Amino acid sequence: FLIAGAVVVLLALLMSAGARAPRAGIRYLLFTWVVVSVVWPHYLTFRGLPGPGVNPIRLVYWSMAALWFFWFVGSKEFRHQLLARLSTFRPFVILLSAYLVWGLICSVFSKLPFVSIYHSIQLMAGPVLIFLVALSCLRDRQDVDRVLLLVVIAAILAVVVGLVEAVKQKNLFYDLVPSLFPQGGEGELSWAEQLIRDKSRDGNYRVMSTFVHPLTFGEYLALSLPLAIFMAGYAVKATRRMIGFIAIPLIFIGLYICHTRSPLLAVGMAVLGLVGSLGVRAVRQRASFSAAIAGFFFLVAVPIAAVALIVVGLEMSAGRTIGEVGSSSARLVMFQRGGTLVFEQPLLGYGPGFAAVTLGFLPGFTSLTIDSYYLSVALESGLPGLLVFFAMLAYPIGKGLATSARIPGIDGARLAVIAVSLLGFAVVKLVLSQPDNLAAVFLMLALLCISLEVGSPAKAERETPTPVRARKWSPEYRD
């Protein structure tokens, strides 16, 4: 990889600085990655040849990364668009930079600095690259809508695979692992063993489709539902509206068959946020009297529904079955033990990659686990890292919802659904530490940034041609 990277840089430096990058090729690779990264299971990696494992996700990702990096180094015009986009999202870029730098500092002071640095790069390099690629190659709101459509289509395909798995009561890819796609090493659980862990609770088979765990499957569906609602309600083309209407019930079916609680709560909060945002937009914009009245009732209904959701959420958090009660009790013990450890090392934490080892938590399994991404960040990067991570999520969500209230039509609605989609992700991360969908979240952040740029009132005014009144003496004048 180092040799290949050096060759790419050398060729790019030899190019003319004014060369135009083939954005269409990079864009189509990004579109392909959006679908393939969901449809193809990450653990199905062919290792029959020397070198790193190969699968379609990696082939598309590395092709896209090499092409993007090549043109980023070799094309001044390509860099200019990326830097211009980053400047419109400057607070988030500052927060992301601070988070990455703080993680590096915590890595240097950990017990095993090189292990922590490797973990940090492995965790964040992919999502950050997807963020940069999307900002570089997506042109306008039409491209943003295409990506949103592909996310919804990928969710539909994942649910279809999940339904087949629910009928068979068996992971569809289990027989391929490890005979065809050997995984794992000596002293480690093979992927074949991991696929059957935590698959049943109180007699209910928990579907995970193409993902590594039912919770990550539910997390992706919670991320996709607001986008499906957007397609059903705002898409211009009838085929896209039909896809949205098909996706909504299928996503709810997928959430049911994966038998996880937190994605359901995330969906509830996302729907409430979406309804509240639409109500604010209707009252603020006052497009018509009926719309304003409907918006007012939406705003009254949202707090009532929020209280009901809190009550239901508390009941679900406590657990309704023996299995759920045991899971909730284990998480409570995890947070109690983790909180104590965090305050023992509040500044720098214990280093990236050492959250589960530091916690030493074995809730009935044979391997260490940690079930909260926020707790993982606090243990690995201390309280400063946790605060910066919170800000990284809060800023785009707040910015998207606030800006959507001022922008009429589909542009404002697009901002609202992306923001509430990120809100759903933030809720699920309370009880899920696996970073499988982190790249999809950074893709949503890039789409939010582009939507803020193309939908801003100032840009709309610049793009609107000023009408020229014909003078009375001109031939074009008519009474």
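**Exercise 1. Find which helix holds Leu379, and work out whether Leu379 is buried or exposed.**

Step 1: Leu379 lies in helix H15, residues 373-404. Helices here are DSSP runs of H or I with at least four residues, strands are E runs of at least two, and both are numbered from the N terminus. This is a predicted model, where local features need pLDDT of at least 70, side-chain atom pairs count only at pLDDT 80 or more, and totals for chains, interfaces and linings use all residues. Residues are numbered from 1 along each chain as its sequence is written, and side-chain values use heavy atoms, with hydrogens and water left out.

Step 2: Check the accessibility. Leu379 comes out at 0%, so it counts as buried (buried is under 20% relative accessible area, exposed over 50%, partly exposed in between, with a 1.4 Å probe and protein chains only).

Step 3: List the partners. Skipping residues up to four places away in sequence, Leu379 touches Gly338, Leu341, Val342, Gly349, Tyr350, Gly351, Ala355, Leu359 and Ile370 (contact means heavy atoms within 4.5 Å). As for Thr358, its C-alpha sits 7.8 Å from that of Leu379, with the two positions 21 residues apart along the chain.

**Exercise 2. Describe how H17 packs against H16 and against H7.**

Step 1: Pick the descriptors. Two packed helices are described by the angle between their axes and the distance between the axes.

Step 2: Take H16 (residues 409-428) and H17 (residues 438-454): their axes come within 10 Å and cross at roughly 155°. Axes are lines fitted to C-alpha atoms, for helices over the stretch in contact, and angles run from 0 to 180 degrees between N-to-C directions. That makes H16 roughly antiparallel to H17 (under 35 degrees is roughly parallel, over 145 roughly antiparallel, 65 to 115 roughly perpendicular, the rest oblique).

Step 3: Get the handedness. H16 passes H17 in a left-handed crossing, meaning the near helix is turned anticlockwise from the far one by less than a right angle; clockwise would be right-handed.

Step 4: Look at who meets whom. H16 brings Arg414, Leu415, Ile418, Ser421, Leu422 and Phe425, while H17 offers Leu438, Val441, Met444, Leu445, Leu447, Leu448, Ser451 and Leu452. By class, the contact of H16 with H17 has 11 nonpolar, two polar and one charged residues (Ala, Val, Leu, Ile, Met, Phe, Trp, Tyr, Cys and Pro are nonpolar, Asp, Glu, Lys and Arg charged, and the others, Gly among them, polar).

Step 5: Now H7 (residues 141-168), which packs with H17 at about 150°, axes 10 Å apart. H7 is therefore roughly antiparallel to H17. The crossing of H7 and H17 is left-handed. Arg141, Val144, Val147, Leu148 and Val151 of H7 make the contact with Leu443, Met444, Leu447, Ile450, Ser451 and Val454 of H17. The contact of H7 with H17 splits into nine nonpolar, one polar and one charged residues.

**Exercise 3. Locate the positive phi values at Gln169 and Ser209, and give the exposure of each residue.**

Step 1: Gln169 isn't a glycine, yet has a positive phi of about 55°. Gln169 sits in the loop between H7 and helix H8 (191-194). With 46% relative accessibility, Gln169 is partly exposed.

Step 2: Ser209, also not a glycine, has a positive phi of about 55°. Its loop runs between strand E2 (204-205) and H9. At 1% relative accessibility, Ser209 is buried.
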